[in-house]
Amino acid sequence: MKKNFENIELIKKEKLEYLKDLEISFTKNSEIFLLYLIENKVNFCIVTNTNSDTISVFKDKLSTLKLVKKYICREDY
């Protein structure tokens with residue numbers, strides 16, 4: 001069982017490294033919508049089934065995501 005857990009952790013680590021090398025962009029018009037929410041001080045959060053490490057990679061690649069005040073990630077539920 002421990003070996004399986006180690007394999008899963010290795011896969012997660014490799015996935016993060018892979019994501020760091022990818023070109024990531026917003027889907028069509030999603031950044032415009034996100035900026036609209038932020039600029040108009042709409043109370044919102046982003047809910048995702050992604051873990052916080054992956055969210056950090058996305059934030060590094062898409063700086064607009066750093067403007068979002070609240071995320072609910074996999075670890076939160």
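## Close-up views of a predicted model

**View A. Glutamate 17 is partly exposed, with a relative accessible area of 43%, and it forms a salt bridge with lysine 20.** The model shown here and in the views that follow is a predicted one. In this pair the closest N and O atoms are 3.3 Å apart. The partner, lysine 20, is likewise classed as partly exposed, at 45% relative accessibility. Both residues belong to helix α1, where three residues, or about one turn of the helix, separate them. An α-helix has 3.6 residues a turn, so residues three or four places apart point the same way.

**View B. Helix α1 also holds the pair lysine 12 and glutamate 9, joined by a salt bridge between their side chains.** Here the N to O distance is 3.7 Å. The helix spans residues 2–21, and these two residues sit three residues apart in it, about one turn. Lysine 12 has a relative accessible area of 39% and is partly exposed; glutamate 9, at 34%, is partly exposed too. Side chains of opposite charge can pair when their charged atoms come close. If you are keeping a tally, the structure has two salt bridges.

**View C. Helix α3, residues 52–61, has Thr54, Ile55 and Val57 as its buried residues.** Looking down the axis of α3, you will find these buried residues within an arc of 155 degrees, so they line one face of the helix. Ile55 is also one of the residues of the largest nonpolar core, which is the subject of the next view.

**View D. Eight residues make up the largest nonpolar core.** They are Ile24, Leu34, Ile55, Leu62, Leu65, Val68, Tyr71 and Cys73. In soluble globular proteins, nonpolar side chains tend to be buried together. Tyrosine 71 is a handy residue to centre on: beyond its neighbours within four places in sequence, it contacts Ile46, Ile55, Lys59, Leu65 and Asp76. Of these contacts, Ile55 and Leu65 are core members as well.

**View E. Asparagine 51 sits at the start of α3, with a side-chain oxygen within 3.2 Å of the backbone nitrogen of aspartate 53.** Asparagine 51 is placed in the loop between β1 (46–47) and α3. Its relative accessible area is 16%, so this residue counts as buried. Setting aside residues within four places in sequence, asparagine 51 is in contact with Arg74 and Glu75.

**View F. Arginine 74 lies in the segment after β2 (71–72) and touches Thr48, Asn49, Thr50 and Asn51, not counting residues up to four places away in sequence.** A polar atom of the arginine 74 side chain is 2.7 Å from the backbone oxygen of asparagine 49. Arginine 74 is partly exposed, its relative accessible area being 40%. Serine 52 is 22 residues from arginine 74 in sequence, yet their C-alpha atoms are 7.4 Å apart in space.

**View G. Threonine 64, in the loop between α3 and β2, makes a side-chain polar contact with glutamate 31.** The contact joins the side chains of the two residues at a distance of 2.5 Å. With 7% relative accessibility, threonine 64 counts as buried. Its other neighbours in space, again leaving out residues up to four places away in sequence, include Phe26, Leu34, Leu35 and Ile38. Leu34 belongs to the largest nonpolar core as well.

**View H. Cysteine 45 and cysteine 73 have their sulfur atoms 9.8 Å apart.** How many disulfides does the structure hold? The count is zero. For cysteine 45, the sulfur of cysteine 73 is the closest cysteine sulfur, and the distance is too far for a bond, since a disulfide calls for sulfur atoms within 2.5 Å. Cysteine 73 is in no disulfide, and its nearest cysteine sulfur is that of cysteine 45. Are these two cysteines buried or partly exposed? Cysteine 45 is partly exposed, at 32% relative accessibility, whereas cysteine 73 is buried, at 5%. Cysteine 73 takes its place among the residues of the largest nonpolar core.

Terms used: Residues numbered from 1 in each chain as written. Predicted model: local features only at pLDDT ≥ 70, side-chain atom pairs only at ≥ 80, totals over all residues. Heavy atoms only, no water. Buried < 20%, exposed > 50% of the residue type's maximum accessible area, 1.4 Å probe, protein only. Helix = DSSP H or I, 4+ residues; strand = E, 2+ residues; numbered from the N terminus. Arc of directions from axis to C-beta. Polar contact = N/O pair within 3.5 Å; in protein donor to acceptor, adjacent residues only side chain to side chain. Core = buried A, V, L, I, M, F, W, Y, C linked by side-chain atoms within 4.5 Å. Contact = heavy atoms within 4.5 Å. Salt bridge = Lys/Arg side-chain N within 4 Å of Asp/Glu carboxyl O.
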